[in-house]
Amino acid sequence: MDEQDLLERIQSLVEEEHRLRDTTSGGGGTEDDVDGDGSRARLAQLEAQLDQCWDLLRQRRAKRDAGENPDEAEPRPISEVEGYRQ
């Protein structure tokens, strides 16, 4: 997956996240008001996938900046990516 593919994937995930948030909070509610249809779980999954994609993009850019082959960057497990401190 090259940078353009990653950016397109990120954009797609962000759009889905926004749609889902709009749907779940549709009358002024919050995501805590989700009615058990799996929306909250899907939001968590989307957030984790976004973190993983952003991490891979940062890896690719760091490798390129260091003169290495960005294609050697590999996605880290979500459990690892989600454990990073901000």
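These notebook entries record what I looked up in a predicted model of a protein.

**Entry 1: confidence and fold**

I began with the confidence scores. The protein averages a pLDDT of 86, and 83% of the residues score at least 70. I then compared the helices: mean confidence is lowest in H3 (residues 78-81), at 91, and highest in H2, at 94. For the secondary structure I noted three helices and zero strands, in the order α-α-α from the N terminus.

**Entry 2: surface and contacts**

I looked up burial next and found that 28% of the 86 residues count as buried. The accessible surface comes to about 5,900 Å², with 44% of this area belonging to carbon and sulfur atoms. Of the contacts between residues at least 6 apart in sequence, 58% join residues at least 24 apart.

**Entry 3: the nonpolar core**

Which residues form the largest nonpolar core? I listed eleven: Leu6, Ile10, Leu13, Leu20, Leu43, Leu46, Leu50, Cys53, Leu56, Leu57 and Ala73. Helix H1 (3-24) and helix H2 (39-65) each supply at least two of these residues, and H2 gives the most, with six. I followed one core member, Leu57, and recorded that it touches Glu3, Leu6, Leu7 and Ile10, leaving aside residues up to four places away in sequence.

**Entry 4: glutamine 49**

I also examined a polar side chain, Gln49, which is found in helix H2. Is Gln49 buried or exposed? Its relative accessibility is 18%, and the limit for burial is under 20%, so Gln49 counts as buried. Beyond residues up to four places away in sequence, Gln49 touches Arg9, Leu13, Arg42 and Ile78.

**Entry 5: salt bridges**

I counted nine salt bridges. One of them joins the side chains of Arg61 and Glu3 at 3.2 Å, N to O. This pair links distant parts of the chain, with Arg61 in H2 and Glu3 in H1, 58 residues apart. Glu3 also meets Arg64 in a salt bridge of 2.2 Å, N to O. Because Glu3 lies in H1 and Arg64 in H2, this pair ties together parts that are 61 residues apart in sequence. I therefore entered Glu3, Arg61 and Arg64 as a network of salt bridges. Within it, Glu3 counts as buried at 16% relative accessibility, whereas Arg61 is partly exposed at 34% and Arg64 is partly exposed at 40%.

A further salt bridge joins Glu47 and Arg21 at 2.4 Å, N to O. Glu47 lies in H2 and Arg21 in H1, so the pair ties together parts that are 26 residues apart in sequence. I noted Glu47 as partly exposed at 31% and Arg21 as partly exposed at 23%.

Definitions and conventions
Residues are numbered from 1 along each chain as its sequence is written. This is a predicted model: local features need pLDDT of at least 70, side-chain atom pairs count only at pLDDT 80 or more; totals for chains, interfaces and linings use all residues. Side-chain values use heavy atoms; hydrogens and water are left out. A nonpolar core is a set of buried Ala, Val, Leu, Ile, Met, Phe, Trp, Tyr and Cys residues joined through side-chain atoms within 4.5 Å. Buried means under 20% relative accessible area, exposed over 50%, partly exposed in between (1.4 Å probe, protein chains only). Helices (H or I, at least four residues) and strands (E, at least two) are DSSP runs, numbered from the N terminus. Contact means heavy atoms within 4.5 Å. pLDDT is the predictor's confidence in each residue, from 0 to 100. Accessible areas come from the Shrake-Rupley method with a 1.4 Å probe; for residues, only the protein chains shown count as cover. A salt bridge is a side-chain nitrogen of Lys or Arg within 4 Å of a carboxyl oxygen of Asp or Glu.
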